[in-house]
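Open the structure in your viewer and keep the sequence beside it, since this tour moves from one selection to the next. At each stop, select what is named and then look at what surrounds it.

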Amino acid sequence: MNFANKRLSRINWERYHNPKLIEKYKEKAIEGLTTEEKDIIKQYCHKFLKKRNVNVLVIGSGNGREIFGIKNEFNVNWKFVGIDYSLPLIKQAKEIRKKFNIKNVSFICKDITKIKLKKNSFDIVLAFNCFLDLIIGKNKEKLIKKISEWCKPGGIIIFNLNRIRNFLPEMFIKIIRKDFSFVIIMNDEIGIKTAVNPLPSFIYKKIIFKKYLKIIKIILCKHTYYIVCTSIRN
Ligand SMILES: C[S@@+](CC[C@H](N)C(=O)[O-])C[C@H]1O[C@@H](n2cnc3c(N)ncnc32)[C@H](O)[C@@H]1O
């Protein structure tokens, strides 16, 4: 990993262990799914909604917001595995699970780039609001390959990415297109360092995903791209 990527990894790790952020996330778990997330899951995971024995992997699951949100919104019997490298957030998730006696949900505290999971294990893989954290450095291609392998044939993979392209001059965009791990470090609304990605969707389509994932749809909602894929092996 080069110096810039190491620094970015460090910034991300520190961010998700910062007590201010951990405190703020408590409210987020209760907020549940956003309207866009609900619509996208309804539309692209509809074939699973009535099924039992559906296995769902949630990457960067934080304190379980999307897992509890899906259970609440769709009343599904799916089996969830949430993976996150932030122990304080995993602890919050486990507390919520216990408090509301939520079944069929397990949380693992691990770095997703280092974890080994069985191939063809999941019907759905979700990575909401964490994909940028994951695709830095040399790991990105390896991780995308692994995600495509963890997903069963016919399964659905959904990522999202923030877009701030409109704030950048066109010339600048042209330069950074060459390096698709490019990010901007800035302070978020509570003053914690965060990384945002200025690249337009076609870069992901053409460069990052083409080998391992087949893009079904890219949906732009406000400042976020939702990228719905299946594994290329399907
Ligand atoms: C912005 S939060 C999103 C949490 C949750 N998905 C949501 O939308 O509410 C990003 C999450 O990704 C996790 N994360 C970042 N890099 C990770 C890695 N390499 N392995 C596991 N988790 C990671 C962070 O700890 C954090 O909980």
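A helix, in the sense used on this tour, is a DSSP run of H or I that covers at least four residues, and helices are numbered from the N terminus. The model you are looking at is predicted, and its chain holds 10 helices and 9 strands. Of the 234 residues in the chain, 35% are buried.

Begin by selecting residues 19–31, which form helix α2, and follow the helix to Tyr 25, where it bends by about 25 degrees. Just after α2 comes Gly 32, and the phi of Gly 32 is positive, near 75 degrees.

Keep Gly 32 selected and add Gly 69, which has its place in helix α5. Which residues does Gly 69 contact, once its neighbours within four places in sequence are left aside? They are Gly 32 and Leu 33. Gly 69 also lies 8.2 Å from Ile 30, C-alpha to C-alpha, although 39 residues separate the two in sequence. Gly 69 counts as buried because 21 other C-beta atoms lie within 10 Å, and the cut-off for that label is 20 or more.

Next, select strand β2 (residues 79–84) together with strand β3 (residues 105–109), which run parallel and are joined by 5 bridges. Within this pair, look for Asp 84, which stands opposite Cys 109 in β3. If you now add helix α6 (residues 87–99), you will have a right-handed β-α-β unit made of β2, α6 and β3.

Stay in this region and pick Tyr 85, which sits in the loop between β2 and α6. Is Tyr 85 buried or exposed? Tyr 85 is buried, because 21 other C-beta atoms are found within 10 Å. Not counting residues up to four places away in sequence, Tyr 85 touches Cys 109, Lys 110 and Asp 111. His 17 is 68 residues away from Tyr 85 along the chain, yet their C-alpha atoms are separated by 9.3 Å.

Finally, select the ligand and show the 21 residues that surround it, of which the closest are Tyr 16, Gly 60, Gly 62, Ser 86 and Cys 130. The elements that give two or more residues to this shell are α5 (65–74), β2 and α7 (131–134). If you colour the shell by residue type, you should find 8 nonpolar, 7 polar and 6 charged residues.

Technical notes: Residues are numbered from 1 along each chain as its sequence is written. This is a predicted model: local features need pLDDT of at least 70, side-chain atom pairs count only at pLDDT 80 or more; totals for chains, interfaces and linings use all residues. Two strands pair if DSSP finds at least two bridges between them. A crossover is right-handed if, with the strands pointing away from the viewer, the path from the first strand over the helix to the second runs clockwise. A residue is buried if 20 or more other C-beta atoms lie within 10 Å of its own, exposed if 12 or fewer, and partly exposed in between; C-beta atoms are placed from the backbone. The bend at a residue is the angle between axes fitted to the seven residues ending there and the seven starting there. A residue is near a molecule or strand if its C-beta atom, placed from the backbone, lies within 6 Å of it. Ala, Val, Leu, Ile, Met, Phe, Trp, Tyr, Cys and Pro count as nonpolar, Asp, Glu, Lys and Arg as charged, and the others, Gly among them, as polar. Two residues are in contact if their C-beta atoms, placed from the backbone, lie within 7 Å.
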